[in-house]
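Hi there,

Here is the structure I promised to pass on, with my notes underneath. Have a look at it first, then read on whenever you have a moment.

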Amino acid sequence: MYSYTAFDFSGAGSIWPPFSQRLWAQYLTDDYLDITGDAWRVTSAADDDADRSTESPDIFFKDGNYYVTATNTCAFCNGTLSLIYRSPSIEGPWKRQLLSPDGCGGQLGSYLPIKSSKGVMTYLGFGDQWCAHR
């Protein structure tokens, strides 16, 4: 599985005000070096600004569901909206849930699955925090 962000500049005159930025999911080839087959939009039923301004996706499969995590578009901002999408099919439909209204002070980017000695799975989120150096 592979999840990525694609930009749509067709309706924007510049990079700001915000352009449409969409999440997609697609299968990888057996050697993991390329994508193959159809691509599917990752969006909630709302298909609103939160869905159209996401980046930094991560995808994983757990207990019969695909999960895609993402943050809103603001690569150099601390405290960005963090979302998670869930679907039993990579083709959707996807349900969206808020993970954090401020990305725990950064921009979440990936998740590491950690299994305890008792077999309990925990997901550790990693994020970037940007600061100005003088």
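A cut-off to begin with: a residue counts as buried under 20% relative accessible area, as exposed over 50%, and as partly exposed in between. By that rule proline 88, at 60% relative accessibility, is exposed. Please keep in mind throughout that this is a predicted model.

**The chain as a whole**

The chain has 134 residues, and buried ones make up 32% of them. Its secondary structure comes to nine strands and zero helices, so the pattern along the sequence is simply β-β-β-β-β-β-β-β-β. Of the contacts with a separation of 6 or more, 38% are between residues 24 or more positions apart. The accessible surface comes to about 8400 Å², and carbon and sulfur atoms account for 55% of that.

**The sheet and the hairpin**

Four of the strands form an open sheet, in the order E4-E5-E6-E7, with antiparallel pairing. Which strands stand at the edges? They are E4 (54–62) and E7 (95–100); each has a single partner strand, so one side of each is left without a neighbour in the sheet. From one strand to the next, the twist averages 25°.

Within that sheet, E4 and E5 run antiparallel and are joined by seven bridges. If you want a pair to look for there, phenylalanine 60 stands opposite tyrosine 67 in E5.

E2 and E3 also run antiparallel, with six bridges between them. Leucine 28 stands opposite isoleucine 35 in E3. The two strands form a hairpin with six residues between them, and in the turn tyrosine 32 has a positive phi of about 65°.

**The nonpolar core**

In soluble globular proteins, nonpolar side chains tend to be buried together. Here the largest nonpolar core has 13 residues, and those touching the most other members are Leu23, Ala25, Val42, Val68, Tyr85, Ile90 and Trp94. Two or more residues come from each of the strands E2 (20–28), E3 (35–42), E5 (65–72) and E6 (82–87). E5 gives the largest share, three residues.

Tryptophan 94 is a good place to centre your view. Leaving out residues up to four places away in sequence, tryptophan 94 touches Arg41, Val42, Thr43, Ser44, Ala45, Tyr66, Val68, Tyr85, Arg86, Ser87 and Ser89. Val42, Val68 and Tyr85 from that list are also among the core members with the most contacts to other members.

**Four residues to click on**

*Serine 87.* This residue lies in strand E6. Is serine 87 buried or exposed? It is buried, with a relative accessible area of 0%. The side chain of serine 87 reaches the backbone oxygen of serine 89 at 2.7 Å. Beyond four places in sequence, serine 87 is in contact with Asn65, Tyr66, Gly92, Pro93 and Trp94.

*Proline 88.* Next along the chain, proline 88 is found in the loop between E6 and E7. As noted at the start, proline 88 is exposed, whereas serine 87 is buried. Outside the four places either side in sequence, proline 88 touches Gly64, Asn65 and Tyr66. Asn65 and Tyr66 are also in contact with serine 87. Proline 88 and lysine 62 are 26 residues apart in sequence, but their C-alpha atoms are 9.6 Å apart in space.

*Arginine 22.* This one sits in strand E2. Its relative accessibility is 18%, so arginine 22 counts as buried. Which side chain does arginine 22 join through a polar contact? The partner is aspartate 47, at 2.9 Å.

*Leucine 98.* You will find leucine 98 in strand E7, one of the edge strands of the sheet. At 45% relative accessibility, leucine 98 counts as partly exposed. Apart from neighbours within four places in sequence, leucine 98 is in contact with Leu81, Ser82 and Leu83. From leucine 98 to threonine 71 is 27 residues in sequence and 9.9 Å in space, C-alpha to C-alpha.

Happy to go through any of this together.

Best wishes

Key:
Residues are numbered from 1 along each chain as its sequence is written. This is a predicted model: local features need pLDDT of at least 70, side-chain atom pairs count only at pLDDT 80 or more; totals for chains, interfaces and linings use all residues. Side-chain values use heavy atoms; hydrogens and water are left out. A nonpolar core is a set of buried Ala, Val, Leu, Ile, Met, Phe, Trp, Tyr and Cys residues joined through side-chain atoms within 4.5 Å. Buried means under 20% relative accessible area, exposed over 50%, partly exposed in between (1.4 Å probe, protein chains only). Contact means heavy atoms within 4.5 Å. Two strands pair if DSSP finds at least two bridges between them. Axes are lines fitted to C-alpha atoms, for helices over the stretch in contact, and angles run from 0 to 180 degrees between N-to-C directions. Accessible areas come from the Shrake-Rupley method with a 1.4 Å probe; for residues, only the protein chains shown count as cover. A polar contact is a pair of N or O atoms within 3.5 Å; within protein, one must be able to donate a hydrogen and the other to accept it, and residues adjacent in sequence count only if both atoms are side-chain atoms.
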